[in-house]
Amino acid sequence: MRIAILGAGAIGAYAGAALHRGGADVHLIARGPHLEALRADGVRVLSDRGDFTARPNATNDPREIGPVDFVFLGLKAQHYAACGPMLRPLMGPHTAVVAAQNGIPWWYFHGLAGPLADHRVHTVDPGGSVSRAIPVERAIGCVVYAATEIEAPGVIRHLEGTRFSIGEPDRTISRRCTDLSEAMVAGGLKCPVERDLREDIWVKLMGNITFNPLSALTRSTMAQICRDRSSRELARSMMNETLDVAARLGVDPTISVERRLAGAERAGDHRTSTLHDVERGRPMELDVILTAVVELADMVGAAVPTLRTVDSVARLLNARLTDGSVAERMTAAAAAAAPARAA
């Protein structure tokens with residue numbers, strides 16, 4: 001099995017290292033100092049489950065790899081529309097693209113029956129740009145429950161979780177999904193093949209839609225948000241509104257809001273990826289996590305005043321982050337503060 005990891009960052013490199021350990025022919029696509037470290041020393045995974053090093057091929061040019069069986073996308077969803085040129089050299093007649101993304105995927109209504117069949121969520125697939133780059137028939141959905149971070153170039157710190165749930169948009173149990181699942185399990189990961197991945201999407205989204213924007217807006221960790229009475233109530237409202245939208249779309253996640261809040265509080269002072277992005281002056285991954293749910297709420301007639309308000313202020317912050325001068329100042333300030341934090 002040949003697998004390319006397009007975007008071999010924290011999650012991508014971790015999955016690639018595990019797949020390589022399990023015997024797959026893995027090719028990492030990365031850039032900069034991270035790529036140099038991967039080429040020199042392989043992927044070093046540090047984990048309470050046991051450290052290990054894997055040495056798959058690493059490159060910045062997918063043309064050196066050629067067609068593969070699977071492309072695992074470790075990119076953030078806002079980069080999907082522009083990834084076509086990187087994908088094309090990797091695509092054979094039967095290549096599947098495993099989209100390990102947060103939030104609402106561009107394929108969400110693909111393969112469904114009824115009036116919403118093949119409906120396009122404009123927020124996540126504007127003008128069909130993502131569908132052109134990644135045709136929906138090639139897509140395998142993936143909900144990631146693992147938490148990792150790049151501790152240093154080429155070094156991945158595994159924080160918790162090994163589960164990568166996958167599934168076909170059309171609710172079939174396909175051979176390509178079972179083959180991928182077996183390869184992931186051989187590498188030491190959990191990889192259930194779900195009949196309908198949409199329930200997993202909404203369970204994960206309950207946390208992302210709440211804690212990602214709130215942590216960025218308040219510069220707070222998940223536990224800090226949960227322990228403050230006012231912000232906990234805000235988080236509860238956002239989760240309840242999210243569940244209402246899911247229910248109107250025919251999905252009933254099997255987890256309560258209180259259980260989701262308790263789990264977030266137990267995670268301790270975990271800094272979300274969105275908070276990390278803001279601290280580094282990088283745009284937030286908002287469209288698929290928050291704005292798309294507001295679009296879906298409008299489509300199904302759900303009142304989501306809390307989500308709408310948080311979306312408005314978060315998008316205002318995102319607009320400032322996409323202003324080059326603001327991003328440069330924030331990045332410089334973060335770099336200047338780093339030695340003081342380390343001390």
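## Close-up views: a helix crossing and selected salt bridges

**View 1. H6 passes H12 in a left-handed crossing.** Left-handed means that the near helix is turned anticlockwise from the far one by less than a right angle; clockwise would be right-handed. The model is predicted: local features need pLDDT of at least 70, side-chain atom pairs count only at pLDDT 80 or more, and totals for chains, interfaces and linings use all residues. Residues are numbered from 1 along each chain as its sequence is written, and side-chain values use heavy atoms, without hydrogens and water. Helix H6 spans residues 198–218. Helices are DSSP runs (H or I, at least four residues), numbered from the N terminus. The axes of H6 and H12 come within 10 Å and cross at roughly 45°. Axes are lines fitted to C-alpha atoms over the stretch in contact, with angles from 0 to 180 degrees between N-to-C directions. The two helices are therefore oblique, a class for angles outside the ranges under 35 degrees (roughly parallel), over 145 (roughly antiparallel) and 65 to 115 (roughly perpendicular).

**View 2. Residues of H6 and H12 in contact.** H6 contributes Ile209, Pro213, Leu214, Ala216 and Leu217. H12 contributes Leu307, Val310, Val313, Ala314 and Leu317. Contact means heavy atoms within 4.5 Å. The set holds 10 nonpolar residues, no polar and no charged. Nonpolar covers Ala, Val, Leu, Ile, Met, Phe, Trp, Tyr, Cys and Pro; charged covers Asp, Glu, Lys and Arg; the others, Gly among them, are polar.

**View 3. Asp311 and Arg315 form a salt bridge in H12.** A salt bridge is a side-chain nitrogen of Lys or Arg within 4 Å of a carboxyl oxygen of Asp or Glu. Here the closest N and O atoms are 3.0 Å apart. The partners lie 4 residues apart in H12 (residues 305–321), about one turn of the helix. Asp311 is buried at 3% relative accessible area; Arg315 is partly exposed at 42%. Buried means under 20%, exposed over 50%, partly exposed in between (1.4 Å probe, protein chains only).

**View 4. Arg175 pairs with Asp179 in helix H5.** The salt bridge has an N to O distance of 2.9 Å. About one helical turn, 4 residues, separates the two in H5 (residues 175–186). Arg175 is exposed at 63%. Asp179 is partly exposed at 23%.

**View 5. Glu168 forms a salt bridge with Arg176.** The closest N and O atoms are 2.6 Å apart. Glu168 is buried at 6%, and Arg176 is partly exposed at 21%. The whole structure holds 19 salt bridges.
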